Amino acid sequence: MNFIGKIVGAILGWKFGGFFGLIAGTFLGHLADKKIYELGSVQSTFFKRKLTRQSLFMQTTFAVLGHISKAKGRVTKEDIALANNLMQQMNLDMASRKLAQEAFNRGKESDFPLRKVMREFRIACGERVDLLRMFLTVQVKAAFTDDILDPREQEVLYVIAEELGISRFQFEQMLAMELAARHFSKGFQGGYYQQQNTEGFHDYSQQQQGFQTQSGPTLADAYQVLGVNEEDDRQTVKRAYRRLMSENHPDKLVSKGLPKEMLEMAKEKTQQIQAAYDLIRKAKGWR
C-alpha cells in the first residue's frame, strides 16, 4: 500500500491544524492512497499491456480457468459453459466478455506459463493475502462445479497456491472449507440441516477420481466453513468468524483489486460465513 498520501496529509494537517489537523490529514491521505492504488495500473508481461489491478484480476481469473479446464486432457462443453456462466454472473459488457474469452483461450494453450503468470499476479496484488485467497477460492469453486475435483485439476491448484504463497496445509484447509460451504449452502437454500454428524470433517473422500462431494449438509459443515472444531470454545469460534468476515469483506476486497463484477461472489462468501456462525451459536446455545 502506498504511504505518500498519509505522509503528505500528516505534514499538511500538522502545519495548518496542529495535532487534530495531523489526525485529519493522515485519514484523508489514507483515503487518497487507497483510491490511487485502486485506480493505478500495472504492467503485465503476459497480457503485454498495462492493466488496472481489477482488470488484471479478471483476465487472470479466466486465463487460469482455461488452464485448469485443459489440465484434464481436453476442455469440455461443461467447462466452456462454466466460463460463460461466470461471465454472465459478473454482468460483463461485450468488451470485457471478449477479453475474458481471449484470456480463457490463452489459458488453454499448452505453453501457458502458469507459474510466471501467478508470480506476476501476486506482485501486482501487493501480496495481499486476503485478495490472493479470494482468487484461489474462485478457482477452487470452479473446479468443484461438477462436484468432483480431478487429480490433475488438484495438481494445478497446488501450483497456484504455492506461487501465491499459500502453504499446502492452508490449501488443504481451503479445499475442506469449500466443500463444507457447498454442502452448507445447499442445506441453507433447502431450509434444512442435518445436525447429527458432529464427529469432525468426513464430508469428502479422496478416491481415484479425486474429491467428490456427498449429500447431506451437517453441523460439521458449519464448523468446517469457519475452519474450527466442535471442541473449540466460544472465543475461538468467534475469532475465526470475525477474521473470515474481515478477510472476505466485499468493499475491502474491491478496494484492493477485486473486480466490482465479482462483488456478489464475495457477498455470497460472507453470507455463508454468517449463516455457519449463526447455526453454531444456535446449536451451542450461545447468544
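Helices (H or I, at least four residues) and strands (E, at least two) are DSSP runs, numbered from the N terminus. Glutamate 120, a stop on this tour, has its place in helix α5.

**Before you start**

This is a predicted model, in which local features need pLDDT of at least 70 and side-chain atom pairs count only at pLDDT 80 or more, while totals for chains, interfaces and linings use all residues. Residues are numbered from 1 along each chain as its sequence is written, and side-chain values use heavy atoms, with hydrogens and water left out.

**Whole chain**

Show the chain as a cartoon. It has 12 helices and 5 strands. Now colour by accessibility. Buried means under 20% relative accessible area, exposed over 50%, and partly exposed in between (1.4 Å probe, protein chains only). Of the 287 residues, 50% count as buried. Next, think about contacts, meaning heavy atoms within 4.5 Å. Take those with a separation of 6 or more: residues 24 or more positions apart account for 69% of them.

**Stop 1: helix α1**

Select residues 4-39, helix α1, and pick out leucine 22 within it. Leucine 22 is partly exposed, because its relative accessible area is 29%. Add isoleucine 11 to the selection. The two residues are 11 apart in sequence, and their C-alpha atoms are 6.8 Å apart in space.

**Stop 2: the loop between β1 and β2**

Move to lysine 48. This residue sits in the loop between β1 (41-44) and β2 (49-52). Check its backbone: phi is positive, about 60°, although lysine 48 is not a glycine. Its relative accessible area is 65%, so lysine 48 is exposed.

**Stop 3: the loop between α3 and α4**

Select asparagine 91, in the loop between α3 (77-89) and α4 (94-107). Here too the residue is not a glycine, yet phi is positive, near 55°. Asparagine 91 counts as exposed, because its relative accessibility is 67%.

**Stop 4: helix α5**

Select residues 114-124, helix α5. Show the side chains of its buried residues: Leu114, Val117, Met118, Glu120, Phe121 and Ala124. Look down the axis of α5: these residues fall within an arc of 165°, so they line one face of the helix. The arc is that of the directions from the helix axis to the C-beta atoms. An α-helix has 3.6 residues a turn, so residues three or four places apart point the same way.

Zoom in on glutamate 120. Is it buried or exposed? Glutamate 120 is buried, because its relative accessible area is 17%. Leaving aside neighbours within four places in sequence, glutamate 120 is in contact with Gln43, Ser44, Thr45 and Phe46. Glutamate 163 is 43 residues away along the chain, and the C-alpha atoms of the two glutamates are separated by 9.6 Å.

Step past the end of the helix. Glycine 126 follows α5, and its phi is positive, near 65°.

**Stop 5: α5 against α7**

Keep α5 on screen and add α7 (residues 151-163). The two helices pack at an angle of about 35°, with their axes 9 Å apart. Axes are lines fitted to C-alpha atoms, for helices over the stretch in contact, and angles run from 0 to 180 degrees between N-to-C directions. α5 passes α7 in a right-handed crossing. A crossing is left-handed if the near helix is turned anticlockwise from the far one by less than a right angle, and right-handed if clockwise.

Which residues of α5 and α7 meet? Leu114, Arg115, Met118, Arg119 and Arg122 in α5 meet Val156, Val159, Ile160, Glu162 and Glu163 in α7. By class, this contact has 5 nonpolar, no polar and 5 charged residues. Ala, Val, Leu, Ile, Met, Phe, Trp, Tyr, Cys and Pro count as nonpolar, Asp, Glu, Lys and Arg as charged, and the others, Gly among them, as polar.

**Stop 6: α10 against α12**

Select α10 (residues 234-247) and α12 (residues 263-284). Their axes come within 10 Å and cross at roughly 165°. α10 and α12 are therefore roughly antiparallel to each other. Angles under 35 degrees count as roughly parallel, over 145 as roughly antiparallel, 65 to 115 as roughly perpendicular and the rest as oblique. The crossing is left-handed. From α10, the contact uses Val237, Lys238, Tyr241, Leu244 and Met245; from α12, Thr270, Ile273, Gln274, Tyr277 and Ile280. These divide into 7 nonpolar, 2 polar and 1 charged residues.

**Last stop: tryptophan 286**

Finish in the segment after α12, at tryptophan 286. Tryptophan 286 is buried, with a relative accessible area of 18%. Not counting residues up to four places away in sequence, it touches Asp232, Asp233, Arg234, Val237, Ile280 and Arg281. Arginine 234 is 52 residues away in sequence and 7.9 Å away in space, C-alpha to C-alpha.
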